[in-house]
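Work through these exercises with the model open beside you. Try each task before you read its solution.

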Amino acid sequence: MNLHNTARVARWEFFKNLKSPTFLIFTFLIPVIMLAGGLIGYFAGSSAAREEQSIAVIDETGELFALLEAHLAPTPVTVTEFPVEKREQLAAQVGEGEFDGYIHLTTEAVEQGRVNYYVPDSRSQNTMVLGEGVRTVVTLYRMEKMGLTAAQINAATMPVTLQTRELSGEEASWAALVVPLVFGILLAFATMFTGQVLMYGVIKEKRNRIVEILLSSVSAFVLLMGKLLGFAALGLIQIAIWLAVGLTVAVRFLDFREIPLGFAELAPSLLFFLGGYILFSAMFAAL
């Protein structure tokens with residue numbers, strides 16, 4: 001293989017496509033879409049947790065309302081108790097918008113684990129905070145009825161996590177699990193975008209008979225390797241931009257100093273990415 005001609009082809013492909021609209025759109029539009037999607041989800045979740053709600057409660061048990069009111073006190077959800085005799089009147093008040101909805105707490109509902117929440121339109125209701133409060137209160141109420149003490153209830157409701165440990169006694173590396181996944185996703189994106197740009201570029205050159213002119217100066221293998229190297233460099237620049245944007249956002253939510261990220265975790269995934277990228281790009285170009 002003539003390395004000089006390969007380098008010339010790679011350099012020509014690199015600079016030709018570096019300024020192409022397709023490459024620029026894929027490189028900068030994807031991070032914008034990902035960033036916008038993440039921000040929309042984040043702000044939607046935050047606004048849902050801060051949304052003020054006024055909920056009416058019919059408590060036939062006589063005990064759950066006080067627990068629910070105390071549990072929801074730090075949240076923007078306020079609850080007001082009504083007797084069961086005013087259920088029809090309460091339904092009318094909810095329909096008129098005086099309350100967002102009303103909950104009917106009965107002994108049967110507590111036993112079956114199905115508490116009814118009546119609203120004018122279920123599609124527009126945010127039950128994230130209210131639902132978590134009802135589940136917690138009903139669970140605590142059941143345990144108290146079983147005769148458990150406060151200490152026993154805390155012990156029973158303590159969260160349980162499954163920790164994966166290797167036979168050697170060392171704790172499984174979080175980075176060793178996440179890094180290959182990240183590089184696998186990057187490989188899929190790079191193959192999908194840059195690899196297809198390479199394929200369409202070859203098709204266009206073949207249609208315009210530019211390939212015939214190029215093949216009169218270099219061999220087909222040199223031409224293919226030059227294109228692969230040029231697009232590989234473009235792919236690495238594309239990935240670097242995506243990672244820069246992603247890490248800039250991620251560092252605001254994650255502490256990367258606690259992640260044991262080193263050469264042992266990066267090297268295999270990087271080699272996998274480069275090998276996979278060359279394989280798939282060559283298949284696109286050959287096709």
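The exercises below go from the whole chain to single helices, two residues and a pocket.

**Ground rules**

This is a predicted model, in which local features need pLDDT of at least 70 and side-chain atom pairs count only at pLDDT 80 or more, while totals for chains, interfaces and linings use all residues. Residues are numbered from 1 along each chain as its sequence is written, and side-chain values use heavy atoms, with hydrogens and water left out.

**Exercise 1. Describe the protein chain as a whole.**

Step 1: Take the secondary structure. The protein chain has eleven helices and four strands. Helices (H or I, at least four residues) and strands (E, at least two) are DSSP runs, numbered from the N terminus.

Step 2: Take burial. Of the 287 residues, 32% count as buried. Buried means under 20% relative accessible area, exposed over 50%, and partly exposed in between (1.4 Å probe, protein chains only).

Step 3: Take contacts, meaning heavy atoms within 4.5 Å. Among contacts with a separation of 6 or more, 74% join residues 24 or more positions apart.

**Exercise 2. Find the buried face of helix H4, and what it packs against.**

Step 1: List the buried residues. In H4 (residues 87–95) these are Leu-90, Gln-93 and Val-94.

Step 2: Look down the axis. The buried residues of H4 fall within an arc of 100 degrees, so they line one face. The arc is that of the directions from the helix axis to the C-beta atoms.

Step 3: Check the other side. There, Glu-88 and Gly-95 are exposed.

Step 4: Find the partners. The buried residues of H4 pack against strands S1 (53–59), S2 (77–82), S3 (101–105) and S4.

Step 5: Move past the helix end. Just after H4, Gly-97 takes a positive phi of about 95 degrees.

**Exercise 3. Explain why Gln-93 counts as buried, and list its contacts.**

Step 1: Gln-93 counts as buried because its relative accessibility is 14%.

Step 2: Leaving out residues up to four places away in sequence, Gln-93 touches Phe-82, Glu-98 and Phe-99.

**Exercise 4. Repeat the face analysis for helix H3.**

Step 1: H3 spans residues 64–72, with Leu-64, Phe-65, Leu-68 and Leu-72 buried.

Step 2: Seen down the axis of H3, the buried residues fall within an arc of 95 degrees, so they line one face. An α-helix has 3.6 residues a turn, so residues three or four places apart point the same way.

Step 3: The cover over the buried residues of H3 includes S1, S2, S3, helix H5 (107–112) and helix H6 (128–145).

**Exercise 5. Place Tyr-118 and map its surroundings.**

Step 1: Tyr-118 lies in strand S4 (residues 116–118). Its relative accessible area is 29%, so Tyr-118 is partly exposed.

Step 2: Not counting residues up to four places away in sequence, Tyr-118 touches Arg-87, Val-94, Gly-101, Tyr-102 and His-104.

Step 3: Check one distance. The C-alpha atoms of Tyr-118 and His-104 are 8.1 Å apart, with their positions 14 residues apart along the chain.

Step 4: Pick out side-chain polar contacts (a pair of N or O atoms within 3.5 Å; within protein, one must be able to donate a hydrogen and the other to accept it, and residues adjacent in sequence count only if both atoms are side-chain atoms). Tyr-118 pairs with Arg-87 at 3.1 Å and with Asn-116 at 3.4 Å.

**Exercise 6. Which helices each supply at least two residues of the lining of the second largest pocket?**

Step 1: The helices are H8 (174–207), H9 (210–215), H10 (220–250) and H11 (263–286).
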